[in-house]
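Please study the sequence and the structure shown below before attempting the exercises. Each task is followed by a worked solution.

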Amino acid sequence: MPIIVNLDVMMAKRKISGGDLAQQIGITPANLSILKNNKAKAVRFSTLEELCRCLDCQPGDLLQYVPEESPRDAR
């Protein structure tokens, strides 16, 4: 998937555990893990807003676009 979630990096920088962050933003630790491990198909803006508020960061600090290599590019 071309969108990479760098949540684990920001959590490490802020020295916050997954359980604490999940509690602060009002989601389950399981759902936070899905986000953290790039398994989510979508993220609500309200969740993204809470993540940014709790981690004192911008959405761009958490999300990164990395284009996938197309078969044509591999030649």
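The exercises that follow concern a predicted model.

**Exercise 1. The nonpolar core**

Task: Determine which residues have the most contacts inside the largest nonpolar core, and which elements give two or more residues to this core.

Solution.
Step 1. The largest nonpolar core comprises 17 residues. Within this core, the residues with the most contacts are Leu 7, Leu 21, Leu 32, Leu 51, Leu 55 and Leu 62.
Step 2. Two or more residues are given to this core by each of helix H1 (7–14), helix H2 (18–25), helix H3 (29–36) and helix H4 (45–55). The most is given by H4, with 5 residues.
Step 3. Take Leu 32 as an example. When residues up to four places away in sequence are not counted, Leu 32 touches Leu 7, Gly 18, Leu 21, Ala 22, Ile 25, Ile 27 and Leu 51.

**Exercise 2. The salt bridge**

Task: Identify the side chains that meet in a salt bridge, and state how they are placed in the helix.

Solution.
Step 1. The structure contains 1 salt bridge. The partners are the side chains of Arg 53 and Glu 50, with an N to O distance of 2.5 Å.
Step 2. Arg 53 and Glu 50 are 3 residues apart in helix H4, so about one helical turn separates them.
Step 3. Exposed means over 50% relative accessible area. Arg 53 has a value of 51% and is therefore exposed. Glu 50, with 22%, is partly exposed.

**Exercise 3. Positive phi values**

Task: For Lys 15, state the value of phi and the place in the structure. Do likewise for Asn 38.

Solution.
Step 1. Most residues other than glycine have a negative phi.
Step 2. Lys 15, a residue other than glycine, has a positive phi near 55°. Lys 15 is located in the loop between H1 and H2, and it is exposed, with a relative accessible area of 76%.
Step 3. Asn 38 has a positive phi near 55° and is a residue other than glycine. Asn 38 belongs to the loop between H3 and H4. With a relative accessible area of 33%, Asn 38 is partly exposed.

**Exercise 4. A surface patch**

Task: Name the residues of the nonpolar patch on the surface, and place Leu 63 in its strand.

Solution.
Step 1. The nonpolar patch is formed by Ile 3, Leu 63 and Tyr 65, which together have about 290 Å² of accessible area.
Step 2. Leu 63 is part of strand S2, residues 63–65.
Step 3. A patch residue needs over 30% relative accessible area. Leu 63, at 31%, is partly exposed.

Definitions and conventions. Residues numbered from 1 in each chain as written. Predicted model: local features only at pLDDT ≥ 70, side-chain atom pairs only at ≥ 80, totals over all residues. Heavy atoms only, no water. Patch = residues over 30% accessible without salt bridge, like charges linked within 9 Å, V, L, I, M, F, W, Y side chains within 5 Å. Areas by Shrake-Rupley, 256 points an atom, 1.4 Å probe, with all protein chains shown as cover. Salt bridge = Lys/Arg side-chain N within 4 Å of Asp/Glu carboxyl O. Helix = DSSP H or I, 4+ residues; strand = E, 2+ residues; numbered from the N terminus. Buried < 20%, exposed > 50% of the residue type's maximum accessible area, 1.4 Å probe, protein only. Core = buried A, V, L, I, M, F, W, Y, C linked by side-chain atoms within 4.5 Å. Contact = heavy atoms within 4.5 Å.
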